[in-house]
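Colleague: I would like to go through this model slowly and ask, for each term you use, what justifies it. Could you put it up so that we can both look?

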Amino acid sequence: MDRQVKGEFEVSATPQGMLDLGGEAQTRHVRFDKRFRGPLEATAVVHMLAVGTAVEGSAAYVAIERIEGTLDGRRGSFVTQHNGTLERGAPSLSLTVVPDSGDGELVGLRGRIAIDIVDGRHFYTFDYSLPAE
């Protein structure tokens, strides 16, 4: 990745209910609406599935997110894939741009996004590359 941008985002959650995984297992389905500020000026819709375990501090989630707006002044949209785990309190997150999901001026976008939550505020670091113009 040859570029990096940082900024802040706001997020609101809307529970969508539980989904049956078979047996007695269930997963929680939540919709998130996001507003990014900074070099990424965009809105997003995220659908997340999350599951906890019987062990305190262990859980996992997967999500698909569509982001639409401008990235460093280039307009378009793209999709990201989230894969997060919490292993006995130790978090791990992989958040990547889905290959070939960019449109408009973001065709060919590749990248990874890191999320940090500090004092209840959400921050992003987006490492990305775009084809040469």
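Modeller: Let us start at the hairpin of strand 3 and strand 4, where 6 residues lie between the strands and G57 takes a positive phi near 85°. Please keep in mind that this is a predicted model, and that the values we discuss are computed from it.

Colleague: What makes strand 3 and strand 4 a pair, and in which sense do they run?

Modeller: Two strands are called paired when at least two bridges are found between them, and strand 3 and strand 4 are joined by 13 bridges, so the term applies to them. They run antiparallel, and one of the places where you can see the match is A50, whose bridge partner in strand 4 is Y61.

Colleague: How do you know that strand 2 and strand 3 pair as well?

Modeller: The same reasoning serves here: strand 2 and strand 3 have 9 bridges in the antiparallel sense, and at least two are needed, so we conclude that they pair. K34 has A44 as its bridge partner in strand 3, and in the hairpin of these strands, with 2 residues between them, G38 takes a positive phi near 110°.

Colleague: Which strands pair with strand 8?

Modeller: Strand 7 pairs with strand 8 over 9 antiparallel bridges, with G111 opposite Y128, and in their hairpin, which has 2 residues between the strands, D119 takes a positive phi near 50°. Strand 1 also pairs with strand 8 in the antiparallel sense, over 7 bridges, and there G7 stands opposite Y124. The chain as a whole has 0 helices and 8 strands.

Colleague: Why is H82 called buried?

Modeller: H82 has a relative accessible area of 4%, and buried means under 20%, so H82 meets the condition. This residue is in strand 5, and leaving out residues up to four places away in sequence, H82 touches K34, V46, Y61, V62, A63, E65, S94 and L95.

Colleague: What makes the approach of H82 to Y61 a polar contact?

Modeller: The pair must be N or O atoms within 3.5 Å, one able to donate a hydrogen and the other to accept it; the side chains of H82 and Y61 make such a contact at 3.0 Å, so the distance fits the limit.

Colleague: And S77, is it buried or exposed?

Modeller: S77, which is also found in strand 5, is buried, for its relative accessible area is 5% and the limit is under 20%. Its side chain makes a polar contact with the side chain of R66 at 3.3 Å, a value within the 3.5 Å allowed. Beyond its neighbours within four places in sequence, S77 is in contact with residues that include R66, I67, E68 and S101.

Colleague: What makes a group of residues a nonpolar core, and which members touch the most others in the largest one?

Modeller: The members must be buried residues of certain kinds, among them Leu, Ile, Phe and Tyr, joined through side-chain atoms within 4.5 Å. The largest core has 18 residues, of which F36, L40, I67, L71, L109, Y124 and F126 touch the most other members. Strand 1, strand 3, strand 4, strand 6 and strand 8 each supply at least two residues of this core. A second core, of 5 residues, is separate and includes V30, V46, A50 and A63.

Colleague: How large is the largest pocket, and what lines it?

Modeller: The largest pocket has a volume of about 600 Å³, and of the 25 residues lining it, M48, Y61, L93, I115 and I117 lie nearest its centre. Strand 3 gives the largest share of this lining, 5 residues.

Colleague: How many cavities are there, and why is a cavity not called a pocket?

Modeller: The count is 1 cavity of 30 Å³ or more. The names differ because a probe that fits inside a cavity cannot get out, whereas a pocket is open. The largest cavity holds about 30 Å³ of space and is lined by F9, K34, F36, E65, L95, I113, I115 and Y124, with strand 2 and strand 7 each supplying at least two residues of that lining.

Terms used. Residues are numbered from 1 along each chain as its sequence is written. This is a predicted model: local features need pLDDT of at least 70, side-chain atom pairs count only at pLDDT 80 or more; totals for chains, interfaces and linings use all residues. Side-chain values use heavy atoms; hydrogens and water are left out. Helices (H or I, at least four residues) and strands (E, at least two) are DSSP runs, numbered from the N terminus. Buried means under 20% relative accessible area, exposed over 50%, partly exposed in between (1.4 Å probe, protein chains only). Contact means heavy atoms within 4.5 Å. On a 1 Å grid over the protein atoms alone, a cavity is a set of points where a 1.4 Å probe fits but cannot get out, and a pocket is an open set with protein on both sides within 12 Å along at least five of seven lines; lining residues have an atom within 4 Å of a point. Grid points are joined across faces, edges and corners, and a volume is the space filled by probe spheres set on the points.
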